[in-house]
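Q: Hi! I'm new to this one and would love a quick tour. Could you pull it up so we can chat it through?

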Amino acid sequence: MTEIQLHDIALEPERTLGTPAGPGRTRTPEPLRGRLTFGWDLLPAEHGSAPADWHAHVRSTPDRDYRHLLLVCSFRPETPQAPGTFRHASLALSLSTPDPALRPVARLIDPGERTRPTAAGPGTGLSFTVSTGVVDLGVERQQPEPGPGREEWIVRGHGASQPDPQWEFRGLRRLPLVGDHPVAALVELVPGQVNTAEVLVAAELEHRSWGVRRYRARLGPTAHGIPLGPGAERTPAAGGPG
């Protein structure tokens, strides 16, 4: 079990076609607050919350150095002060060292895909509960398979064994994009280098009057990203814009 502190993130609006700009025009939309919180934790590769195949991979490559990077995006319902419905969002990692030719890689990612029945039912995989901005994460036993019916993805991961993995999130007709969505990467570090992870989130919100608006935010404890090197494990998920 690990505990992650969530922090409010200010989503900065992107300028798109049709967005007013320039002197005398309507002002640019304000940053969107109160709709997204974010937290992270850096765990040892052998941490008990990791999927079983991660442990097997780490044991099979004892000469390599890994970290379990756990990230949580929490999408909040609309409010009168922050209207709009999340349609789609993405969370991207950029792993790096000071040497551009040497980059860590997300050797394994979780989830590759997280699905729900079209008639929303109970989840599987990681269990998580929220109390006053804190997410408690643990391991949940696999639930019985749902009855006949089509399943659709709500989280989809890309970029295993690459330095730039990302996850997409989307809402379904009967399951809006709200609540807490944990994702994780088993990061293989570059020996002898300062390894860091930069995190970027992008989101689309739809409003009855405005149509679709796009937002972005850069996440992490400092402008230099999340440190991944020795001694950084179990660092509290503090910081981040907001």
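Q: Let me just pick a residue: is Arg103 buried, partly exposed or exposed?
A: Arg103 counts as partly exposed, at 31% relative accessibility. Do keep in mind that this is a predicted model.

Q: Which residue does the Arg103 side chain meet in a salt bridge?
A: That would be Asp164, with 2.8 Å from N to O. Asp164 is partly exposed as well, with a relative accessible area of 39%.

Q: Where do those two lie in the chain?
A: Both are in loops. Arg103 lies between strand S6 (85-96) and strand S7 (105-110), while Asp164 lies between strand S11 (151-158) and strand S12 (166-170). They are 61 residues apart in sequence, so the pair ties together separate parts of the chain.

Q: Nice. How many salt bridges does the structure hold?
A: There are 11 of them. As a general point, side chains of opposite charge can pair when their charged atoms come close.

Q: What about Glu152, which residue does its side chain meet?
A: Glu152 meets Arg170 in a salt bridge, at 3.5 Å from N to O. This one links distant parts of the chain too: Glu152 sits in strand S11 and Arg170 in strand S12, 18 residues apart. Glu152 is partly exposed at 21% relative accessibility, and Arg170 is partly exposed with a relative accessible area of 24%.

Q: Which residues are joined into one network by salt bridges that share partners?
A: Arg64, Arg107 and Glu188 are.

Q: And Asp65, what does it pair with?
A: Asp65 forms a salt bridge with Arg67, and their closest N and O atoms are 2.6 Å apart.

Q: Is Arg67 buried or exposed?
A: Arg67 is buried, with a relative accessible area of 5%. Its partner Asp65 is partly exposed, at 36%.

Q: Switching topic: which residues have the most contacts inside the largest nonpolar core?
A: That core has 39 residues, and the ones with the most contacts inside it are Phe38, Leu69, Leu71, Leu91, Trp167, Phe169 and Leu228. In soluble globular proteins, nonpolar side chains tend to be buried together.

Q: Let's zoom in on Leu69. Where is it found?
A: Leu69 is in strand S5, which covers residues 66-75. Leu69 is buried, and its relative accessible area is 0%.

Q: Which residues does Leu69 touch?
A: Not counting residues up to four places away in sequence, its contacts include Trp40, Leu42, Leu93, Val183, Ile226 and Leu228. Asp41 is also among them.

Q: How far is Leu69 from Ala50?
A: Their C-alpha atoms are separated by 10.0 Å, and the two residues are 19 residues apart along the chain.

Q: What residues does the second core include?
A: The second core is separate and has 12 residues, including Leu6, Trp54, Val72 and Leu186.

Q: Last topic: what pLDDT does the chain average?
A: The average is 81, and 74% of the residues score at least 70.

Q: Where is confidence lowest, and where is it highest?
A: The lowest is strand S9 (residues 126-131), with a mean of 46, and the highest is S12, at 97.

Q: Which other stretches should I know about?
A: Residues 20-25 have a pLDDT below 50, and that stretch has 5 contacts in the model beyond near neighbours in sequence. Residues 235-242 are also below 50, and there the model has 27 such contacts.

Definitions and conventions. Residues are numbered from 1 along each chain as its sequence is written. This is a predicted model: local features need pLDDT of at least 70, side-chain atom pairs count only at pLDDT 80 or more; totals for chains, interfaces and linings use all residues. Side-chain values use heavy atoms; hydrogens and water are left out. A salt bridge is a side-chain nitrogen of Lys or Arg within 4 Å of a carboxyl oxygen of Asp or Glu. Buried means under 20% relative accessible area, exposed over 50%, partly exposed in between (1.4 Å probe, protein chains only). Helices (H or I, at least four residues) and strands (E, at least two) are DSSP runs, numbered from the N terminus. pLDDT is the predictor's confidence in each residue, from 0 to 100. Contact means heavy atoms within 4.5 Å. A nonpolar core is a set of buried Ala, Val, Leu, Ile, Met, Phe, Trp, Tyr and Cys residues joined through side-chain atoms within 4.5 Å.
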